Amino acid sequence: MVPGAEGPARAGGLVADVVFVIEGTANLGPYFEGLRKHYLLPAIEYFNGGPPAETDFGGDYGGTQYSLVVFNTVDCAPESYVQCHAPTSSAYEFVTWLDGIQFMGGGGESCSLIAEGLSTALQLFDDFKKMREQIGQTHRVCLLICNSPPYLLPAVESTTYSGYTTESLVQKIGERGIHFSIVSPRKLPALRLLFEKAAPPAMLETQPADVSQDPRHMVLVRGLVLPVGGGSGPGPLQPKQPVPLPPAPPPGTSLSAAPPQPLPPVSQPYQVSSNLSAAQVAAQNAVDAAKNQKAGLGPRFSPINPLQAAAPGVVPPFSQAPAPSLLPPPHQGLGQPPLGPPLLHPPPTQPWPGPLPPRAPLPGQMLLSGGPRGPVPQPGLQPPSVMEEDILMDLI
């Protein structure tokens, strides 16, 4: 607040010309009520000297004048891009205009026609200048409220400023000494660039105070004062408290002055036991056995089956095929390859069983011959094993 002023802060007692340029699309509709409560109404109270009332009337030429410009997007065709309200000196009537804005359209557009709104606002300030010829210089403020970046298209509906882009329009606003402010529900870099380009050339630009009521809002103001932090006046920013650091040691002390702490004892993961001699003896025996096998003094292969190692006379349940030198497999005579390499040490085979006793015939059955059944072993040859007999039966 300005010292010595009663009620809300005013523009130094000067007569002001205020133009609100508002985006009338559905992109701003959900956020407009919060912006109206926290920023627009306090701005109106700043220029009006208090809350708006129905009896407020400043005259057509001697008091503060308010005007409203509503712009849209390109999807509003064939309607006009801009709707402009005639200036009024009643702050209460101006608030009713704000409440009557219908936010529609623009849902499929990512930008808005800010150039059309600013070109219309410049035309209004030209009309204000003609109205204020008898009064002289006034405090002029242009407040842009939007939620979309501008199109790259120039203005086309304005008769005086047709063909001007958005950046050229805000530069012209700054050159004419008009205070340009922006209120947006989100932080848009394109809008901040417009605010920086609208700085007056003779004015030493300083960092604007953060008066946003929501950390997501972007509020950049010039030429007016808004409440900070829910109604408190603007004050200097509080510096950040430095983080206390631990005290540094004196320069004369060294790091080696502290007594060294003993390290905890480290346990050995592997302890050498008294069985080392036994392990060495076993290793030496293994080396000797390998040397003997290499020299041909011992058996080349040890028995694989533990039963053969324990009792060599015990026959395993399944005997292996005999050596090929005794009886060659019958399937080699038919031109088929052998099943595997011959065994060097064939296990002992079981003796061939004797002839089976004759079986009694069943009722109605006759025996073809009364001789013994089964294969008759030939003299001088070892009877075939069970595996060879199965192979012969498969071949037959």
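**Exercise 1. Helix α3 against helix α4**

Determine the hand with which α3 passes α4, and how the two helices are oriented to each other.

*Solution.* The model is predicted: local features need pLDDT of at least 70, side-chain atom pairs count only at pLDDT 80 or more, and totals for chains, interfaces and linings use all residues. Residues are numbered from 1 along each chain as its sequence is written, and side-chain values use heavy atoms, with hydrogens and water left out.

Step 1. Take the elements from DSSP runs, numbered from the N terminus (helices: H or I, at least four residues; strands: E, at least two). α3 covers 114-131, and α4 covers residues 166-175.

Step 2. Fit the axes (lines through C-alpha atoms, for helices over the stretch in contact; angles run from 0 to 180 degrees between N-to-C directions). Those of α3 and α4 come within 9 Å and cross at roughly 30 degrees.

Step 3. Classify the angle (under 35 degrees roughly parallel, over 145 roughly antiparallel, 65 to 115 roughly perpendicular, the rest oblique). α3 is therefore roughly parallel to α4.

Step 4. Assign the hand (left-handed if the near helix is turned anticlockwise from the far one by less than a right angle, right-handed if clockwise). The crossing of α3 with α4 is left-handed.

Step 5. List the contact residues (heavy atoms within 4.5 Å). α3 supplies I114, A115, L118, S119 and L122, and α4 supplies T166, L169, V170, K172 and I173.

Step 6. Sort them by type (nonpolar: Ala, Val, Leu, Ile, Met, Phe, Trp, Tyr, Cys and Pro; charged: Asp, Glu, Lys and Arg; polar: the others, Gly among them). The α3 and α4 contact holds seven nonpolar, two polar and one charged residue.

**Exercise 2. The buried side of α4**

Which residues of α4 are buried, and which elements do they pack against?

*Solution.* Step 1. Apply the accessibility classes (buried under 20% relative accessible area, exposed over 50%, partly exposed in between; 1.4 Å probe, protein chains only). T166, L169, V170, K172, I173 and G174 are buried.

Step 2. Find their partners. These buried α4 residues pack against α3, β5 (179-184) and α5 (189-197).

Step 3. Examine the α5 partner. The axes of α4 and α5 come within 8 Å, crossing at roughly 35 degrees. T166, E167, V170 and Q171 of α4 meet L193, L194 and K197 of α5. By type, the contact has three nonpolar, two polar and two charged residues.

Step 4. Look past the helix end. G177, just after α4, has a positive phi of about 80 degrees.

**Exercise 3. Two loop residues**

Are Y161 and P185 buried or exposed, and what does each touch?

*Solution.* Step 1. Place Y161. This residue sits in the loop between β4 (139-145) and α4. Y161 counts as buried because its relative accessibility is 3%.

Step 2. Collect its contacts, leaving out residues up to four places away in sequence. Y161 touches S119, L122, Q123, D126, A155, L169, K172 and R176.

Step 3. Place P185. The loop between β5 and α5 holds P185. P185 is buried because its relative accessible area is 7%.

Step 4. Apply the sequence filter again. P185 touches L28, Y31, L35, C146, N147, R216 and H217. The C-alpha atoms of P185 and H217 are 4.4 Å apart, with their positions 32 residues apart along the chain.

**Exercise 4. Helix α1 against helix α2**

Are α1 and α2 roughly parallel or antiparallel, and which residues meet?

*Solution.* Step 1. Take the geometry. α1 (residues 29-48) and α2 (residues 91-99) pack at about 165 degrees, their axes 11 Å apart.

Step 2. Classify. The two helices are therefore roughly antiparallel. Their crossing is right-handed.

Step 3. Name the contact. F32, R36, L41, I44 and N48 of α1 meet A91, F94, V95, L98 and D99 of α2. Seven of these residues are nonpolar, one is polar and two are charged.

**Exercise 5. Cysteines and the whole chain**

How many disulfides does the model contain, and what share of its residues is buried?

*Solution.* Step 1. Apply the disulfide rule (a pair of cysteine sulfur atoms within 2.5 Å). The count is zero.

Step 2. Compare two cysteines. C84 is partly exposed at 42% relative accessibility, whereas C142 is buried at 0%.

Step 3. Widen to the chain. Of its 396 residues, 30% are buried. Its secondary structure comprises eight helices and six strands. Among contacts with a separation of 6 or more, 76% join residues 24 or more positions apart.
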